[in-house]
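Me: I would like to practise reading a protein model step by step. Could you go through it with me?

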Amino acid sequence: MNKHQYDYIVVGAGIIGCAVAYYLSKQSSKVLLIDKLFPAAGASGACNGGLSYLGKKGELLDQAVESLLLYKELEKELETDLGKDQKGQILFFSDTPEQGQLLEEIVNECKSRTLDAKLISGTKVMESFPYLTGSISAGAIAGGGLQGVVNPFKAICGFLKKTKQNGGMLIRNEEAKEILLQGGMVYGVRTNNGEFRAPAVVVCTGYEIDRLLKPLGLASEIIATKGTVLVTGKSKMKLKANLLYAGFLENNCHSKVNLALEQTLDGNILIGSSAENSLGKEIDNQITSQIAKTALKSVPKLKNEHIIRIFSGIRPTRKGGPFIGKIPGINGLAAAFGHGGMGISLAPYTGKYLAQLLTGRG
Amino acid sequence: MADDNIICRCEEVTETEILQAIKDGAVAFDEIKRLTRAGMGHCQGSTCSILVDNLLRSANPGITLHKHTPRPPLQPVKLEAFVKSASGSQGEANE
């Protein structure tokens with residue numbers, strides 16, 4: 001038998017590709033995962049690892065909740081410490097009446113699903129996040145149990161460890177150049193080094209997905225949205241919740257800076273974030289200073305914190321929300337893309353759903 | 001391990017941990033950084049990135065190493081300094 005013949009090829013070893021490979025490997029021992037660099041080299045390795053559902057609506061909210069429930073089992077299932085803390089609270093704060101309206105909408109979405117979320121007054125916001133200053137009009141808070149943080153690298157390691165134990169394989173420095181088709185059916189992937197064959201291919205290459213889909217006449221509708229985050233050293237401050245400014249809920253979120261604060265289990269505070277129309281990985285000094293200014297305006301106590309690193313990553317945003325499924329018209333081709341800032345939260349759901357769809361089992 | 005070498009002083013990552021990451025297939029400093037936290041501390045890999053690259057080279061003779069992704073700032077800087085540094089430049093005008 002040809003050693004390059006597999007049941008499934010997954011392209012892209014970010015958190016989505018790794019989750020897809022893991023859930024496929026539970027049903028098949030011939031899963032190949034390839035990445036043009038190495039696992040978590042892209043957006044999954046340049047994010048805040050936030051697990052959240054508050055702020056999402058409709059189908060996306062349902063998917064997020066299902067996915068966060070899966071995270072609760074994954075630590076055991078993967079036999080890996082995921083650096084996970086699902087006891088955190090997500091707190092949105094607003095300073096305009098219009099934003100108050102948006103907060104009400106997201107809370108109602110949660111309440112209709114019996115999720116523990118509530119609207120709170122400005123005073124209550126300050127109690128939940130004592131470092132906050134300014135005129136806060138209202139807040140929305142959703143409790144722990146599901147939301148919080150996960151270490152994306154550890155989650156990826158866990159998925160990979162189990163995928164390998166199940167017989168799957170990861171190849172680094174293997175860049176997919178072309179999806180191979182014959183008579184409307186997939187038969188493999190051509191890479192920089194050669195060819196790999198499988199009757200089913202799943203493309204999970206984030207914002208770069210068009211490079212593989214466009215030649216097939218497909219449009220992903222991905223908008224690459226760069227985000228920048230400032231990281232402090234291990235801080236003495238103890239944040240009681242992940243803080244988000246309600247500006248994130250407004251639709252015109254391009255080229256804007258909104259405050260997002262989150263503390264890792266190690267104590268570092270991640271200060272974000274931006275939505276930039278750029279594909280460059282370099283740090284934009286203007287954006288950095290806007291983020292610093294925004295953070296200090298709401299949380300002045302941060303001023304003495306030392307920034308040890310500034311990183312940026314590129315969110316694969318899609319207007320209609322993520323696409324997770326088979327590509328119509330091409331037999332054997334599936335994809336998962338457009339998760340925007342929700343890739344970490346949605347990874348387990350994406351992997352499990354796609355594996356079920358492709359294997360008909362699980 | 002008592003006689004293990006510390007490779008990353010900031011995050012106290014040992015040679016054994018780095019070698020394990022390489023054994024697990026890691027091919028780049030940026031990947032080892034994600035796996036072990038080596039290079040994620042106060043000095044951001046100023047010291048250990050060279051040591052890690054050397055370990056990668058000795059484990060994989062002839063390997064072409066990926067370039068590191070250097071991230072600012074070069075040394076820790078107070079948050080308020082970022083606001084001041086933009087004063088009078090476009091940062092103010094953009095508000």
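Me: Which loop holds A:A246?
Reply: Happy to start there, keeping in mind that this is a predicted model. Follow chain A between β14 and β15 (256-263), and you will meet A:A246 in that stretch. The place asked for is the loop between β14 and β15 of chain A.

Me: Is A:A246 buried or exposed?
Reply: A residue is called buried when its relative accessible area is under 20%. For A:A246 the relative accessibility is 0%, so this residue counts as buried.

Me: Which residues is A:A246 in contact with, leaving aside neighbours within four places in sequence?
Reply: With those neighbours set aside, five names remain to look for in chain A. They are A:F92, A:F93, A:S94, A:Q99 and A:L103.

Me: How far apart in space are A:A246 and A:H339?
Reply: Along the sequence, 93 residues separate A:A246 and A:H339. In space we go from C-alpha to C-alpha, and the distance is 20 Å.

Me: What is the strand order in the open sheet of 9 strands?
Reply: Pairing in this sheet is mixed. Strands of a sheet pair through backbone hydrogen bonds, either parallel or antiparallel. Reading across, the order is β5(A)-β6(A)-β4(A)-β14(A)-β15(A)-β16(A)-β13(A)-β17(A)-β3(B).

Me: Which strands stand at the edges of the sheet?
Reply: Look for strands with a single partner, because one side of each is then left without a neighbour in the sheet. That describes β5 (117-121) of chain A and β3 (77-78) of chain B.

Me: Which residue of β3(B) stands opposite A:H306?
Reply: Strand β17 (residues 306-318) of chain A and β3(B) run antiparallel, joined by 2 bridges. Across from A:H306 in β3(B) we find B:K78.

Me: At about what angle does helix α3 of chain A run to β5(A)?
Reply: Helix α3 (residues 97-111) lies across β4 (90-94), β5, β6 (138-142) and β14 (242-245), which belong to chain A as the helix does. Relative to β5(A), the helix runs at about 150°.

Me: What area is buried between chain B and chain A?
Reply: Here 34 residues of chain B are in contact with 37 residues of chain A. The size of an interface is often given as the accessible area lost when the parts come together. Carbon and sulfur atoms give 58% of the area in this case, and the whole comes to about 3000 Å².

Me: Which residues of chain B lose the most area to chain A?
Reply: Three residues together give 25% of what the chain B side buries. They are B:R34, B:R71 and B:L79.

Me: Which residue of chain A meets B:R37 in a salt bridge?
Reply: Between chain B and chain A there are 3 salt bridges. In one of them, the side chain of B:R37 takes part with an N to O distance of 3.4 Å. Its partner is A:D266.

Me: Which residues have the most contacts inside the largest nonpolar core?
Reply: This core has 65 residues. Helix α1 (residues 15-25) of chain A gives the largest share, 9 residues. The residues with the most contacts inside the core are A:Y53 and A:L54.

Me: Which residue stands opposite A:V10 in β2(A)?
Reply: Strand β1 (residues 8-11) of chain A is joined to β2(A) by 4 bridges, and the two run parallel. On β2 (residues 31-34), A:V31 and A:L33 point one way, A:L32 and A:I34 the other, and all are buried. The residue opposite A:V10 is A:L33.

Terms used. Residues numbered from 1 in each chain as written. Chains lettered and ligands numbered in written order. Predicted model: local features only at pLDDT ≥ 70, side-chain atom pairs only at ≥ 80, totals over all residues. Heavy atoms only, no water. Core = buried A, V, L, I, M, F, W, Y, C linked by side-chain atoms within 4.5 Å. Buried < 20%, exposed > 50% of the residue type's maximum accessible area, 1.4 Å probe, protein only. Pairing = 2+ DSSP bridges. Contact = heavy atoms within 4.5 Å. Axes fitted to C-alpha atoms, helices over the stretch in contact; angles between N-to-C directions. Buried area = accessible area lost by both parts, 1.4 Å probe. Salt bridge = Lys/Arg side-chain N within 4 Å of Asp/Glu carboxyl O.
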